[in-house]
Amino acid sequence: MTNPQDAAGRQGNSEYLLEAENLKVTFRAPGGRKLHAVDEISLGVRPRETVGLVGESGSGKSTVALTLMRAHEPEGGRIIFDGQDITHLNERELMPVRRRLQMVFQDPYSSLDPRWSIRRVISEPLKAHKYGTRQQINDRVAELLEQVGLPPDAANRVPSQFSGGQRQRIAVARSLALQPSALIADEPVSSLDVSIQAQIINLLRDLQDRLHIALFIIAHDLALVHQISDRIIVMYLGEPVEEGPSDEVVGHPQHPYTVALLSATPVPEPGGDRKRIVLTGDPPSPIARPNGCRFHPRCPIVQERCRTEKPPLTTIGPGRKVACWFAGQMDPPRDLWALQNVPLPPGVEPAKRASLGS
Amino acid sequence: MSIVSESAADAARTALSGDTILSVKDLVVEFPRPGQPTNFRAVNGVSFDLRQGETLGLVGESGSGKSMTALSLLGIVPAPGKIIEGSINLRDRRIDDLPVNELRRVRGNDIGMVFQDPMTGLNPVRSVGSQLTESAMRHQNVSKREALEIAYHALDDVGIPAPRERLQAFPHELSGGLRQRVMIALALINHPEVIIADEATTALDATIQAQILDLFRERLSVATMILITHDMGVAAEICDRIMVMYAGRIVETGTIEEVLTSPRHPYTVGLLSAVPKFDIRRPKLVPIPGIPPTAEDIVRGCPFAPRCRFAESKCDDRPALEYTDGRLLACWNPRSATEQPQ
């Protein structure tokens with residue numbers, strides 16, 4: 001059987017709509033050195049699924065997003081969209097892909113042209129893809145504004161007349177204009193106020209339910225990514241260190257970095273004597289990466305082996321992967337609220353875990 | 001790696017009844033509205049006392065007036081903004097109407113400030129050491145050599161590795177976390193009575209933010225501090241008491257436990273419900289509808305009423321900040337103390 005078409009009209013054998021295989025992106029740093037922004041990351045987003053990519057600044061998460069959009073040229077690996085290898089397509093060949101794969105950016109102040117009316121902002125992709133007559137385009141703009149919860153007369157105004165949250169709604173409306181099947185959102189709420197963040201997160205969740213799009217969301221906030229994602233990938237210094245179903249990654253983190261990230265997330269809960277893990281030092285530079293495990297200089301449970309041998313990303317359960325020689329040997333040091341009841345992933349023994357700091 | 005087992009120190013909690021160090025009364029800060037007859041009130045009648053040894057959290061979203069309140073304390077409200085009414089007392093001394101040179105002394109000696117962005121709080125073309133020694137020499141009447149030694153200890157105190165070498169470094173040569181530590185060292189170098197930290201960890205990554213919060217807990221647990229943040233989670237980590245601000249006003253004050261476990265003002269309830277928590281049930285976030293009033297809006301009555309689920313006709317009148325069952329609240333229709341936040 002070659003290239004069968006499934007019910008959704010997708011081609012190929014993969015269950016994934018958007019896929020990256022061993023993606024590698026480097027930049028040239030001053031002095032001719034190589035900056036390893038993304039190193040050997042593989043990921044897949046199924047239709048209608050939400051996958052969250054978590055990492056701190058410099059982890060390469062935004063580079064992954066832009067490379068998937070073909071804004072950066074990867075040095076190695078492949079990008080596959082709906083069964084088609086799009087890694088080396090030219091701009092003309094990419095047009096049909098761009099229609100179905102859209103992106104929402106972090107900053108709605110710089111992603112919208114301040115001189116353009118909202119109608120023009122939203123209708124631009126429609127015109128570029130020859131959507132229809134002027135009337136059809138105007139109708140579609142009105143429909144999109146309604147979908148993102150903005151009044152129809154918003155079309156005649158300019159971005160400066162809207163708040164940050166409203167601008168992000170406009171950016172979402174633009175990204176949905178061509179009825180994409182997948183949406184990449186890079187820190188879509190991090191520039192917004194708390195009360196507005198929830199509006200946009202709920203909007204993305206609603207739209208996904210209604211429009212059945214696949215969502216690849218990139219953020220630094222683990223609680224937020226957990227809230228919205230089916231699966232989570234944790235990235236450190238350009239490489240994936242852990243991935244799995246959201247509840248499992250957050251409920252039973254296996255990699256010490258995930259544990260530290262979880263413990264570092266401030267939560268508005270009163271806590272008498274809350275314990276936390278505080279990593280020492282800063283993330284190393286992607287220009288001069290440490291040998292062995294990239295995380296070893298900051299790792300609380302580092303062993304000799306970690307300094308020289310790089311742990312591979314190993315499958316430890318269904319959809320569950322971790323890159324650590326001593327995976328699962330560090331417990332989250334404080335109660336994780338409602339997550340106590342997450343079933344342990346198959347093959348993980350609770351008994352072997354040494355609780356840290358107690 | 002270090003493991004911290006104490007949250008805000010017990011010492012600080014017992015000090016809640018301590019002396020009042022800083023007292024703000026009916027503070028009003030206004031900005032002219034271009035082309036309009038009335039001014040915009042960024043801070044609108046804010047009063048509070050800061051007691052010795054407590055960490056007071058000023059929580060609110062952008063435009064709530066929290067940063068402008070802090071800048072008022074230092075006498076650095078950006079023009080054309082002005083303090084129109086009210087008074088600020090540091091112990092028994094009124095500091096809001098001081099001449100510039102005396103204010104400068106207050107800023108270095110009595111109140112230390114940590115800003116959000118260390119790149120703007122530090123001078124980019126001068127070494128860390130020269131900035132620290134300058135401040136020490138100006139305020140402590142010491143020789144250059146002594147100042148250098150003070151600077152060394154200041155860096156060492158905030159957990160900067162190899163402090164001797166770092167004295168030569170320029171801000172851009174340091175990572176974000178180290179820069180923020182330098183800012184804190186600079187704020188603390190003259191042993192101020194009050195420290196104001198304005199979104200001091202907002203620009204930092206989660207693991208670096210944890211380091212700085214850890215530093216606050218270890219080094220500043222008995223300090224008298226105002227922490228300005230939009231993040232209720234950060235406030236929960238180190239504050240003893242919280243003031244929630246909305247549209248230039250304080251809407252609720254209470255101890256950290258009171259505010260987190262039984263928020264009374266609908267805005268506080270809303271803020272807490274809008275934040276994702278690690279919960280496998282993944283309840284849908286409850287956003288606060290609408291947006292806060294902007295500088296163009298003329299607000300009558302309760303400023304939160306247009307976004308409030310519990311608004312009634314009486315909310316057209318402005319509620320005063322008053323004690324309601326032991327909690328300072330500005331609300332006609334507070335949530336009951338037993339009601340759980342969603």
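## Helix packing in a predicted two-chain model

In chain B, the buried residues of helix H5 pack against four partners, namely helix H3 (100–110), helix H6 (144–157), helix H7 (163–166) and helix H8 (176–188). The model described here is predicted, and H5(B) makes a friendly place to begin a tour of it. The buried residues in question are B:Val128, B:Gly129, B:Gln131, B:Leu132, B:Thr133, B:Ser135 and B:Ala136. H5(B) itself runs over residues 128–140 and holds 13 residues. From its first C-alpha to its last, H5(B) reaches 18 Å, close to the 18 Å expected at 1.5 Å a residue. Just after the helix comes B:Asn141, whose phi is positive, at about 55 degrees.

Of these partners, H8(B) can be followed in some detail. The axes of H5(B) and H8(B) come within 9 Å of each other and cross at roughly 15 degrees. Because angles under 35 degrees count as roughly parallel, H5(B) is roughly parallel to H8(B). The crossing of the two helices is right-handed. On the H5(B) side, the residues that meet H8(B) are B:Val128, B:Gln131, B:Leu132 and B:Ser135. On the H8(B) side, they are B:Val182, B:Ala185 and B:Leu186. Sorted by class, this contact of H5(B) with H8(B) has five nonpolar residues, two polar ones and no charged ones. The four H5(B) residues in the contact, B:Val128, B:Gln131, B:Leu132 and B:Ser135, also appear in the list of buried residues of that helix.

A second helix pair brings the two chains together. Helix H9 of chain A (residues 256–264) and helix H9 of chain B (residues 206–219) have axes that come within 9 Å and cross at roughly 55 degrees. This angle makes H9(A) oblique to H9(B). Here the crossing is left-handed. H9(A) contributes A:Ala260, A:Leu261 and A:Ala264 to the contact, while H9(B) contributes B:Ala206, B:Thr207, B:Gln209 and B:Ala210. By class, the contact of H9(A) with H9(B) has five nonpolar, two polar and no charged residues.

Turning to chain A as a whole, its secondary structure comes to 10 helices and 13 strands. The chain has 358 residues, and 48% of them count as buried. Contacts in chain A between residues at least 6 apart in sequence can also be sorted by separation, and 65% of them join residues at least 24 apart.

Two single residues, one from each chain, add some local detail. A:Gln147 is found in helix H4 (residues 134–147) of chain A. With 17 other C-beta atoms within 10 Å, A:Gln147 is partly exposed. Leaving aside neighbours within four places in sequence, A:Gln147 is in contact with A:Ala173, A:Leu176 and A:Leu207. A:Asn90 lies 57 residues from A:Gln147 along the chain, and the C-alpha atoms of the two are separated by 33 Å.

In chain B, B:Lys284 lies in the loop between helix H12 (266–273) and strand S12 (322–324). B:Lys284 has 14 C-beta neighbours inside 10 Å and so counts as partly exposed. Along the chain, B:Lys284 and B:Ser273 are 11 residues apart, and 9.4 Å separates their C-alpha atoms.

Definitions and conventions. Residues are numbered from 1 along each chain as its sequence is written. Chains are lettered from A and ligands numbered from 1 in the order in which they are written. This is a predicted model: local features need pLDDT of at least 70, side-chain atom pairs count only at pLDDT 80 or more; totals for chains, interfaces and linings use all residues. The expected span of a helix is 1.5 Å times one less than its number of residues. A residue is buried if 20 or more other C-beta atoms lie within 10 Å of its own, exposed if 12 or fewer, and partly exposed in between; C-beta atoms are placed from the backbone. Two residues are in contact if their C-beta atoms, placed from the backbone, lie within 7 Å. Axes are lines fitted to C-alpha atoms, for helices over the stretch in contact, and angles run from 0 to 180 degrees between N-to-C directions. Angles under 35 degrees count as roughly parallel, over 145 as roughly antiparallel, 65 to 115 as roughly perpendicular and the rest as oblique. A crossing is left-handed if the near helix is turned anticlockwise from the far one by less than a right angle, and right-handed if clockwise. Ala, Val, Leu, Ile, Met, Phe, Trp, Tyr, Cys and Pro count as nonpolar, Asp, Glu, Lys and Arg as charged, and the others, Gly among them, as polar.
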